[in-house]
Amino acid sequence: MEQNLNLSPVEKYIVKPINQFINKSTTGGLVLFIAAVTAIFFANSPWAEWYHELWQHRIGVSFGDFELKMSLHHWINDGLMAIFFFVVGLELKRELTNGELSSPKQAMLPIIAAIGGMVFPALIYTFFNGDTDAAHGWGIPMATDIAFALGVMYLLGDKVPLSLKVFLTALAIVDDLGAVLVIALFYTSNLNLMFLSIGIALFILLLICNRLGFKSPIFYAIIGIGGIWLSFLLSGVHATIASVLAAFAIPANARINEGYFSYKMNELRERFFAVDPDDKNPNLTGDQIHIVEEMRSLTKDALPPSQRLEHGMHSFVSFIVMPIFALCNAAIPISFGGDISAVTLGVASGLIVGKVIGIFGLIALIIKLKIVSRPEGMTMTQLLGVAFLASIGFTMSLFVTELAFDVNKHPDYPDQAKLGIIAASLIGGLVGFLILSRTGKKQAK
């Protein structure tokens, strides 16, 4: 039985269109792109100095003798981006437990592709900068921006087979895991073992609570943010790693299984209509209200806490966290005069050439050697298009850039790297889109 909702003019013409816009798969990438363009505009405008100083304002919190004070730029990269990495951790856990990476057979191809897509870009960057002070930036071209890459692919709609979308998603998830490990192992400052031990102890506590059946997301949030994140921040290990660990500790199983949920919902539905069969009455009876409350509680218990958090936080990350990060970190002055630096060349060629060789070249080789079989419905030309889309390294590459260079010693390196990131992301995204668009037209005929 269908029934039209009685929407007010505000809900019909404002709230509903906004929700539809937010729920589109391409919207997050579009908002991120607008934020990046805005940052680049300000960096090349008469307001460039004001814009730079805006992110350098220092903000702090204090409790008695303890004080934690950082620039707005650091709060965004160490604090706000921790939320982004928390959602990345939840996505990783979902894929590893019951997603595309849970089966060794399904996971082999995207894992090999992701490894190739990380190793070759790092090697190419090192080729250009290995014997220089910029050598530490080898991790910059390793990452793929999953939001942008999938956003470009989803613009093609039905022209792209589902198997290709699943492959790119799994590849990007493994790529994110690789980036997290690189940050943890190679972009960590001097360690404070006391705070690191506290953070690890709290992580173990969350794992124990998970095993004992604690399901409250609030409990995990308090220990994860107030304990693990702060401990890792003070330890010298980048605080975003704490977010991934906290995400892995969140329970991935629901209080009730699907069978019981379906049985109870049917029972409650029958009770609901038995109380007052007259559906013309717009008001619910007291008994019906109690039944609706039971339904809501049952629905909550049927959702695993990890999936509930991932779904609930996705829009906040896509439309708040990542755009603010782009506004803060994508502000680079662009000059068309002078030579292209080795850093820019290393990052750009690492992303474009390295990703294509590492993903398309390596996968083509192992398919030819019959080590793995090509996924059903995917052509080699489409795989080439995916490899170019994977060269969109925007968010993660910008993030690693902030960790890779000492701006006091080499203030030009970050901007040079960011120029390479943006150039490679634009070229890779455009070429990948055109390749997949052409293969989609051929399949449609």
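**Exercise 1.** Decide whether Ser71 is buried or exposed, and place Ser71 in its surroundings.

*Solution.* Start with accessibility: Ser71 has 4% relative accessibility and counts as buried (buried means under 20% relative accessible area, exposed over 50%, partly exposed in between; 1.4 Å probe, protein chains only). This is a predicted model, in which local features need pLDDT of at least 70 and side-chain atom pairs count only at pLDDT 80 or more, while totals for chains, interfaces and linings use all residues. Residues are numbered from 1 along each chain as its sequence is written, and side-chain values use heavy atoms, with hydrogens and water left out.

Next, the element: Ser71 belongs to strand β2 (residues 66-71). Helices (H or I, at least four residues) and strands (E, at least two) are DSSP runs, numbered from the N terminus.

Then the neighbours. Leaving aside those within four places in sequence, Ser71 is in contact with Trp55, Gln56, His57 and Arg58 (contact: heavy atoms within 4.5 Å). The C-alpha atoms of Ser71 and Arg58 are 3.9 Å apart, although 13 residues separate the two in sequence.

Last, the side chain of Ser71 makes a polar contact with that of His74, at 3.0 Å. A polar contact is a pair of N or O atoms within 3.5 Å; within protein, one must be able to donate a hydrogen and the other to accept it, and residues adjacent in sequence count only if both atoms are side-chain atoms.

**Exercise 2.** Test whether the end-to-end distance of helix α9 agrees with its number of residues, and locate its bend.

*Solution.* Helix α9 covers residues 217-235, which is 19 residues. The expected span is 1.5 Å times one less than the number of residues. For α9 this gives 27 Å; the end C-alpha atoms are 25 Å apart, so the two agree.

The bend is about 30°, at Gly224 (the angle between axes fitted to the seven residues ending there and the seven starting there). Gly224 is also among the buried residues of α9, which include Tyr220, Trp229 and Phe232. After α9 comes Gly236, with a positive phi near 105°.

**Exercise 3.** Compare two loop residues, Ser391 and Lys370, by position and by accessibility.

*Solution.* Ser391 sits in the loop between α15 (380-389) and α16 (394-404). Lys370 sits in the loop between α14 (342-368) and α15.

Ser391 has a relative accessible area of 0% and is therefore buried. Lys370, at 75%, is exposed.

For Ser391, the side chain reaches the backbone oxygen of Phe388 at 2.4 Å. Beyond four places in sequence, Ser391 is in contact with Leu351, Ile352, Lys355, Ala424, Ser425 and Gly428. For Lys370, the backbone is the point to note: phi is near 65°, a positive value in a residue other than glycine.

**Exercise 4.** Find which residues Ser437 is in contact with beyond four places in sequence.

*Solution.* Ser437 lies in helix α17 (residues 413-444). With a relative accessible area of 11%, Ser437 is buried. The residues sought are Leu156 and Lys159. Val160 is 277 residues away in sequence, yet its C-alpha lies 8.1 Å from that of Ser437.

For the chain, 79% of contacts between residues at least 6 apart in sequence join residues at least 24 apart.
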